[in-house]
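Visitor: Could you teach me how to read a model like this one, feature by feature?
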Amino acid sequence: METLQTSSLTRFIYARPGTLDEAFQLLEDHGPQACLLAGGTDLIVQLRARKLTPRIVIDLKKIDSLRRDITETQSLLRIGALTLLSNIIDDPRVNRHFPVLAQAAATVGSVQIRNRATLPGNICNASPAADTVPALLVHQAIVNLSSRTAERAVPLKDFFVGPGKTVRRAGEIVSSIDLPVPEERVAASFARLTRRRGVDLASINVCCLVSAAGLIRFAFGAVGPRPILVEDGSGRLADPAMDAREKERLLLGLLEQTSPISDVRAGKEYRSAMLLVLSLRVLQEALDILRAQRRE
Amino acid sequence: MPARTVSVTMTVNGRVRTLEVQPHHTLLQCLREQLELTGTKECCSMGECGACTVIVDGRSVNSCLMLAAEADGCTVTTIEGLAQDGRLNALQESFLEAGAVQCGFCIPGMVMAAQDLLNHNPHPTVEQIKEGLAGNLCRCGGYARIIEAVHAASRGKME
């Protein structure tokens with residue numbers, strides 16, 4: 001249980017490099033003693049609670065080549081390293097191609113948090129309950145990482161290792177996140193379970209994407225050490241003639257990879273039970289949206 | 001290693017301020033302790049209560065979750081910056097008129113969050129007001145009148 005406390009932050013050196021090269025040098029000099037700062041809404045809480053005690057905090061916001069906006073190419077949206085959740089929610093291109101991401105981003109924290117928090121920061125914090133992650137997973141987001149010597153692109157599904165841990169190496173900085181614009185018609189729906197309506201971490205969150213061809217992807221948060229993506233290509237879950245009990249049985253098969261635990265937000269039995277309920281709900285919603293699109 | 005102070009220049013309530021801040025100090029600490037703008041309150045210190053809400057570069061933020069050093073080059077408005085020429089602004093008047101202030105501790109943050117909402121959405125619905133203020137807690141439970149105050153201000157009742 002976290003205790004309320006208003007003590008000051010742990011002491012550290014603050015650096016605000018102007019270029020990526022300067023940032024890489026600082027990362028090299030300080031290794032695991034360095035923390036990266038984008039929006040800070042998670043980092044500063046951890047610095048106060050002494051969960052992190054870095055020697056240096058490297059503020060990324062003055063780095064000229066890290067973008068705070070979204071750019072569009074023919075086949076993808078590229079979300080800059082410093083893009084705020086508020087920008088995600090308001091962006092017309094996100095709302096056109098990935099409305100479920102805008103919807104999920106709007107559930108994070110409060111207005112004040114979303115005005116400061118960045119989407120890449122939400123990912124790098126690697127909370128198993130991060131609300132933007134299921135939407136990014138079903139849309140097959142790619143994380144672009146830069147280091148002094150190389151650039152690499154990691155599918156988001158391979159990015160998370162465990163709570164607070166990702167495959168990002170000590171010398172690397174997330175430079176952007178790519179979202180491929182779906183080639184076929186898709187629809188997606190997001191739902192989360194919280195103890196109260198506003199400003200709460202999710203007890204579970206679920207996103208479901210269905211394609212016109214019957215492909216189905218589910219992503220689940222807060223029901224395992226890392227967010228989980230599963231896929232079903234059988235087309236059976238999208239079949240409206242499917243028997244309800246059979247549908248449940250198929251869904252339970254997809255849920256096998258989840259491993260909910262009991263914590264301050266929910267018990268594991270409750271999580272498991274609600275996971276099926278929310279999964280059925282988002283599946284139906286996504287199918288309804290897809291059907292409505294067809295009629296348009 | 002001794003941490004060096006960081007030089008910060010920011011515009012606070014219309015006035016350019018240059019100061020040396022401790023790297024581990026939050027914007028909230030800087031406003032209250034260095035600039036003596038104690039209208040902004042410290043409460044939960046983890047971004048859940050909104051008592052420390054100020055407007056930075058046109059967006060409401062929790063000043064407890066922002067380093068003072070990060071404010072370099074920023075424009076900051078605190079509760080002290082809303083009144084012009086000694087006159088409260090329309091939203092502040094509306095809070096008084098609606099009797100929205102009980103113990104008063106949450107009110108600076110509440111007003112700043114509401115001001116930010118009205119700046120971006122001059123005519124919010126009650127639902128939008130609730131969502132806009134979801135990051136601000138009032139332990140007196142005075143939400144109904146707070147929402148009423150914001151709604152009244154949005155309808156220009158106090159003009």
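Guide: Happy to; we will look at a sheet, a chain contact and a helix pair, keeping in mind that this model is predicted.

Visitor: Let's start with the sheet: in what order do the 4 strands of chain A run?

Guide: A sheet is read strand by strand. Here the order is E11-E12-E13-E14 in chain A, with antiparallel pairing, and the sheet is open. Strands E11 (186-193) and E14 (228-232) of chain A each have a single partner strand, so one side of each lacks a neighbour in the sheet. From one strand to the next, the twist averages 15 degrees.

Visitor: Over how many bridges do E12 and E13 of chain A pair?

Guide: Residues 204-211 (E12) and 216-221 (E13) of chain A are joined over 6 bridges. As an example, A:Leu209 has A:Arg217 in E13(A) as its bridge partner. Helix H10 (residues 268-295) of chain A packs on this sheet and touches E11, E12 and E13 of chain A.

Visitor: How do I read the contact between the chains?

Guide: The size of an interface is often given as the accessible area lost when the parts come together. Here we can count residues instead: 26 of chain B are in contact with 27 of chain A. On the chain B side, the largest share, 4 residues, comes from strand E4 (residues 59-62). That side divides into 13 nonpolar, 9 polar and 4 charged residues.

Visitor: And why is H2(B) called oblique to H5(B)?

Guide: Look at the crossing angle. The axes of H2 (residues 90-97) and H5 (residues 143-154) of chain B cross at roughly 135 degrees and come within 8 Å. Such an angle falls outside the parallel, antiparallel and perpendicular ranges, so H2(B) is oblique to H5(B). The crossing is right-handed.

Terms used: Residues numbered from 1 in each chain as written. Chains lettered and ligands numbered in written order. Predicted model: local features only at pLDDT ≥ 70, side-chain atom pairs only at ≥ 80, totals over all residues. Pairing = 2+ DSSP bridges. Helix = DSSP H or I, 4+ residues; strand = E, 2+ residues; numbered from the N terminus. Axes fitted to C-alpha atoms, helices over the stretch in contact; angles between N-to-C directions. Contact = placed C-beta atoms within 7 Å. Nonpolar A, V, L, I, M, F, W, Y, C, P; charged D, E, K, R; others polar. Parallel < 35°, antiparallel > 145°, perpendicular 65-115°, else oblique. Left-handed = near helix turned anticlockwise from the far one by under 90°.
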